[in-house]
Amino acid sequence: MSGQAIIFFLFFCAAAFVLILCFRQTLSRSGMRKEISGITRELKKILDEDRDSYLTVFTDKKEMMELAVQINRLLEKHLKTKADFNRSELASKRMLSNISHDIKTPMTVVLGYLEIMRLQGSGNGEMLEKTEQKAQSVMELINQFFTLAKLEAGDTDLELSKLDIGGICRETVLGFYEILTEKDFQVEIIVPEEAVFVQGNKEALQRILFNLISNVIRYGWEGKYLGVALREDEKMVYIDVTDKGKGIDKKFAENVFERLFTMEDSRSRKVQGNGLGLTIAKNLALQMGGDIVLDSIPFERTTFTLLLKKYK
């Protein structure tokens, strides 16, 4: 072999070695990128689905194994924090339920004594009446706290049965006849004549509709309109409770179902607001496998829609 050929051969070998080395590095980087993408996808799935699980990584790379170990340490801390929070929240709800019950008993006694005094004619009649009204207001607030605490603590079992929701809608609206007439509301009820059956609890449904209509009178009074419409599809029944008042600003839309959230301009004194009505309504709907959603265009239309499962 000539010197020139030897030099060419050595050059060729060196070039081939460099190419092989670059190729191996490219494969290594490509494999690492692929593994990182896989870890990212699995971690995103765990977080999005709020799963109580850890990251599983199949690799022979020490760096990737160490990364997976540290990620799993973070996930373990996250799970512990979540478990501690759930235990604390449940304990708080049970405590609220117990406190509500403890306050409710003496208030019942106070109301009883006030009623006896009123019936016997002892004391100032007007003063007794005002005291009794205030005590009733406190009692109603306690009852609402008690109801919500039991719902959130999981201590309420609603017995579900086949119910004609159209009849319940008409009956509930009729209960507001006096105050709606006094406030000169236009009332529009769109309920089919034929029965529409849902799977629900009658007392819970009456409570939900009462709270939603009370909300119209309390906050939608400027529109002088109450609409109650019943519609259905193959699986669900929808009850729209609508007003044409000032509506709910988008910045408050996500907060209306929170405990003790109230709008600033509640002016109705006949239907008192304490920020618990919509929260209770939402919880009751969820307990029956339904939901309540809000759609509001200020001064045009504000609709709370109760979603219920059809009876099969």
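Student: What makes it right to call α8 mostly covered?

Tutor: Of the 11 residues of α8, 9 are buried, where buried means under 20% relative accessible area, exposed over 50% and partly exposed in between, with a 1.4 Å probe and protein chains only. The buried residues of α8 are G277, L278, T279, I280, A281, K282, N283, L284 and A285, and just after the helix G289 takes a positive phi of about 80°. This is a predicted model, in which local features need pLDDT of at least 70 and side-chain atom pairs count only at pLDDT 80 or more, while totals for chains, interfaces and linings use all residues. Residues are numbered from 1 along each chain as its sequence is written, and side-chain values use heavy atoms, with hydrogens and water left out.

Student: How do you know that β4 and β5 are paired, and in which sense do they run?

Tutor: Two strands pair if DSSP finds at least two bridges between them, and 6 bridges join β4 to β5, so these strands count as paired, and they run antiparallel. (Strands are DSSP runs of E with at least two residues, helices runs of H or I with at least four, and both are numbered from the N terminus.) L230 has I239 of β5 as its bridge partner, and 3 residues lie between the two strands of this hairpin. Strand β5 is itself mostly covered, with 7 of its 8 residues buried.

Student: Which residues show how β7 is joined to β5 and to β6?

Tutor: On the β5 side, M236 stands opposite K309 in β7, and D240 has T305 in β7 as its bridge partner; this antiparallel pairing of β5 and β7 extends over 8 bridges. On the other side, 7 bridges join β6 (residues 291-297) to β7, again antiparallel, with I297 partnered by R301 in β7. β6 and β7 form a hairpin with 3 residues between them, and F299 in the turn has a positive phi of about 60°.

Student: Why is the set of 42 residues called a nonpolar core?

Tutor: The name applies because a nonpolar core is a set of buried Ala, Val, Leu, Ile, Met, Phe, Trp, Tyr and Cys residues joined through side-chain atoms within 4.5 Å. The largest such core has 42 residues, and I165, L205, I208 and I239 have the most contacts inside it. Among the elements that give it two or more residues are α3, α6, β5, α8 and β7, and the largest share, 8 residues, comes from α6. Leaving aside neighbours within four places in sequence, I165 is in contact (heavy atoms within 4.5 Å) with V196, V198, L205, L230, V237, I239 and L308. Apart from this core lies another, of 7 residues, including L111, L128, M139 and I142.

Student: What makes up the lining of the second largest pocket?

Tutor: The lining divides into 5 nonpolar, 4 polar and 4 charged residues. In total 13 residues line this pocket, and T147, T156, E203, R207 and L284 lie nearest its centre. α3 and α6 each supply at least two residues of the lining, the largest share, 5 residues, coming from α3.

Terms used. On a 1 Å grid over the protein atoms alone, a cavity is a set of points where a 1.4 Å probe fits but cannot get out, and a pocket is an open set with protein on both sides within 12 Å along at least five of seven lines; lining residues have an atom within 4 Å of a point. Ala, Val, Leu, Ile, Met, Phe, Trp, Tyr, Cys and Pro count as nonpolar, Asp, Glu, Lys and Arg as charged, and the others, Gly among them, as polar.
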